[in-house]
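Me: Please take a close look at one part of this model with me, a single loop, and then show me how the rest of the chain is arranged. I am new to this, so plain words would help.

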Amino acid sequence: DRLTSIENGGYVAREKESVGSFLRRWLDTYAATNVTAKTQQGYRQIINCYAGPLTHIPVQALTARHIQALYGALLKRGLSATTVTQLHRVLHKALSTGVKSEILVRNVADAATAPRIHRKEISMWDAETIQQFLESASSSRYQDFYHLAVLTGMRRSEIAGLQWVNVDLGSGRLAVVQTLQRIVG
């Protein structure tokens with residue numbers, strides 16, 4: 001059936017590249033040019049922390065069983081379903097790129113199933129707790145940031161990226177148009 005695959009354009013020459021090498025190259029090429037620096041940092045962290053058991057396998061020999069076994073091992077180790085699902089998304093995206101660039105015939109992550117994420121309800125502070133927090137924050141040099149965060153719901157990166165040009169004190173409005181994030185390295 002290699003001849004049929006060649007005739008149909010579905011044949012992919014065997015390469016000895018490992019999953020680890022493939023993922024590093026994917027980070028340095030695809031991720032470096034298609035996602036933000038913060039997203040790229042997150043991809044790199046997920047791969048470095050959790051994909052280790054797959055890295056020695058030749059990328060073309062990788063199977064859904066390998067991936068599913070890794071997910072099970074990570075869950076057994078105590079990782080959350082959310083973290084394992086993030087790994088699944090990164091592997092799926094990387095392997096999809098491998099299919100598009102004709103390194104792989106198919107994306108084996110399609111046949112692996114990420115764990116179900118159980119959403120927890122987040123409890124909110126009541127008015128009394130908010131007041132206590134703001135009073136405690138009044139002696140901090142970051143008190144204005146804390147007040148802005150509590151009163152608007154803005155994230156730290158949004159507050160850090162705020163500029164005066166985006167604040168209209170007259171109408172009591174501000175616009176979040178950029179964020180400021182710390183990128184390691």
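Reply: Let's start with three words: a residue is buried under 20% relative accessible area, exposed over 50% and partly exposed in between, using a 1.4 Å probe and protein chains only. This is a predicted model, where local features need pLDDT of at least 70 and side-chain atom pairs pLDDT 80 or more, while totals for chains, interfaces and linings use all residues. Residues are numbered from 1 along each chain as its sequence is written, and side-chain values use heavy atoms, leaving out hydrogens and water.

Our loop runs between H5 and H6, and Ala114 is one of its residues. Helices and strands here are DSSP runs numbered from the N terminus: helices are H or I with at least four residues, strands are E with at least two. Ala114 is partly exposed, because its relative accessible area is 23%. Leaving aside residues up to four places away in sequence, Ala114 touches Tyr71, Thr85 and His88; contact means heavy atoms within 4.5 Å. Ala114 and Gly72 are 42 residues apart along the sequence, yet their C-alpha atoms are 9.6 Å apart in space.

Now look at Glu102, found in the same loop between H5 and helix H6 (127-137). Glu102 counts as exposed because its relative accessible area is 60%. Its phi is near 65 degrees, a positive value in a residue that is not glycine. Most residues other than glycine have a negative phi.

Arg119 also sits in the loop between H5 and H6. With a relative accessible area of 71%, Arg119 is therefore exposed. Between Arg119 and Ser157, which are 38 residues apart along the chain, the C-alpha separation is 24 Å.

Next, let's turn to the interior. The largest nonpolar core has 31 residues, and Leu23, Leu54, Leu62, Ile67, Leu87 and Leu95 touch the most other members. H2, H3, H4 and H5 are the elements that each give two or more residues to this core. Such a core is a set of buried Ala, Val, Leu, Ile, Met, Phe, Trp, Tyr and Cys residues joined through side-chain atoms within 4.5 Å. Ile67 touches Leu54, Leu62, Leu91, Leu95, Val108, Ala109 and Ala112, again not counting residues up to four places away in sequence.

H3 is worth a visit too. In H3, the buried residues include Gln40, Tyr43, Ile46, Ile47 and Tyr50. They lie on the same side of H3, because they cover an arc of only 135 degrees around the axis. That arc is taken from the directions between the helix axis and the C-beta atoms. Among the elements that cover the buried residues of H3 are helix H2 (19-34), helix H4 (64-76) and helix H5 (81-100). The 14 residues of H3 (residues 37-50) should span 20 Å at 1.5 Å a residue, and the end C-alpha atoms are indeed 20 Å apart. The expected span is 1.5 Å times one less than the number of residues.

Finally, step back to the whole chain. The protein has eight helices and two strands, in the order α-α-α-α-α-α-α-α-β-β along the sequence. Its C-alpha atoms fill a box of roughly 75 × 40 × 30 Å along the principal axes. Of the 185 residues, 29% are buried. Among contacts with a separation of 6 or more, 55% join residues 24 or more positions apart.
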